[in-house]
Amino acid sequence: MASVHTLILYAMLALATMANAEMIVSNDIVVVEYFRDAACAQEAILEVHFDLCCCCFTWTFGQDSSAVEPAGYTLMDNNFSWTVQGHQDKCKDPVDFPDHTFHKFAATTCGQQTSGRTYYTKIKEVKHRSEACAAMSQSSLTCRQGAFPNEAFNDNWAWTNPNDSSESSGG
């Protein structure tokens with residue numbers, strides 16, 4: 001049987017873990033960095049500022065575009081996941097390329113993606129807001145970005161489907 005001291009120690013550890021947990025909520029901005037290395041120690045290749053209040057959030061990386069809508073988010077303590085509509089600059093239902101819908105995640109520790117291309121992600125920061133999404137105008141939110149928040153969305157992106165000779169263009 002565990003001693004009282006052991007039980008108190010376990011209780012203190014559980015409380016410390018909960019105290020360090022940061023709940024991500026629906027009006028936050030979640031900053032996710034993407035890396036090529038498994039330690040997430042090298043320079044980020046992409047940094048997306050997911051504004052969870054956007055009806056559709058889009059970003060470009062190189063010559064490709066991705067979109068995600070609020071229904072694709074899962075919010076947890078120190079963990080965030082999203083469903084990417086690949087090769088699209090608008091959220092659509094149904095998506096243009098169903099075989100390019102990917103389930104991604106990020107946590108406060110470095111994690112390898114298991115859906116789509118192999119790379120690693122990590123939550124850099126969670127920006128909390130007191131205002132509810134419903135009280136904010138979509139036009140005042142930043143719902144499009146380039147590879148980094150200070151880069152403009154590439155309106156001339158173009159992705160070529162290797163299984164088709166036609167080109168999908170976002171511009």
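Let me begin with a term: a residue is called buried when its relative accessible area is under 20%, and I will use the word in that sense for strand β4 and for the protein as a whole. What you have in front of you is a predicted model, and I will come back to how confident the predictor was in its various parts.

First, the overall layout. The protein has one helix and twelve strands, and when you read along the sequence the helix comes before the strands, in the pattern α-β-β-β-β-β-β-β-β-β-β-β-β. Of its 171 residues, 40% count as buried, and the accessible surface comes to about 9,800 Å², with 54% of that belonging to carbon and sulfur atoms. If we take the contacts with a separation of 6 or more, residues 24 or more positions apart account for 50% of them.

Now to strand β4, which covers residues 64-68. Four of the five residues of β4 are buried, so this strand is largely enclosed by the rest of the structure. On the pairing side, β4 runs antiparallel to β3, residues 57-61, with five bridges between the two, and one of the pairs places Phe57 opposite Val68 of β4. The hairpin that β3 and β4 make has two residues between the strands, and there Gly62 takes a positive phi near 65 degrees. Strand β4 is also joined to β6, again in the antiparallel sense, by two bridges, and Ala67 stands opposite Gln85 of β6.

Within β4, I would like to look at one residue more carefully, namely Ser65. Is Ser65 buried or exposed? Its relative accessibility is 0%, which is under the 20% cut-off, and therefore Ser65 counts as buried. The side chain of Ser65 reaches the backbone oxygen of Gln88 at a distance of 2.8 Å. Leaving out residues up to four places away in sequence, Ser65 touches a set of residues that includes Trp59 and Thr60, the run from Gln85 through His87, Gln88 and Asp89, and also Phe153 and Trp157.

Gly86, which is among the residues that Ser65 touches, leads us on to Phe97. The C-alpha atoms of Phe97 and Gly86 are separated by 7.2 Å, although the two residues are eleven apart along the chain. Phe97 itself lies in the loop between β6, residues 79-86, and β7, residues 101-107, and with a relative accessible area of 14% Phe97 is buried because that value falls under 20%.

Let me turn to another part of the fold, where four strands form an open sheet in the order β2-β1-β9-β8, with antiparallel pairing. The edge strands here are β2, residues 46-51, and β8, residues 111-112, each of which pairs on one side only. Between β1, residues 29-35, and β2 there are six bridges in the antiparallel sense, and Val31 stands opposite His49 of β2.

Finally, a word on confidence. The mean pLDDT of the protein is 85, and 81% of the residues reach 70 or more. Two stretches call for caution in reading: over residues 5-19 pLDDT stays under 50, and the model has one contact beyond four places in sequence for them, while over residues 165-171 pLDDT also stays under 50, and there the model has 15 such contacts.

Key. Residues are numbered from 1 along each chain as its sequence is written. This is a predicted model: local features need pLDDT of at least 70, side-chain atom pairs count only at pLDDT 80 or more; totals for chains, interfaces and linings use all residues. Side-chain values use heavy atoms; hydrogens and water are left out. Buried means under 20% relative accessible area, exposed over 50%, partly exposed in between (1.4 Å probe, protein chains only). Contact means heavy atoms within 4.5 Å. Accessible areas come from the Shrake-Rupley method with a 1.4 Å probe; for residues, only the protein chains shown count as cover. A polar contact is a pair of N or O atoms within 3.5 Å; within protein, one must be able to donate a hydrogen and the other to accept it, and residues adjacent in sequence count only if both atoms are side-chain atoms. Two strands pair if DSSP finds at least two bridges between them. pLDDT is the predictor's confidence in each residue, from 0 to 100.
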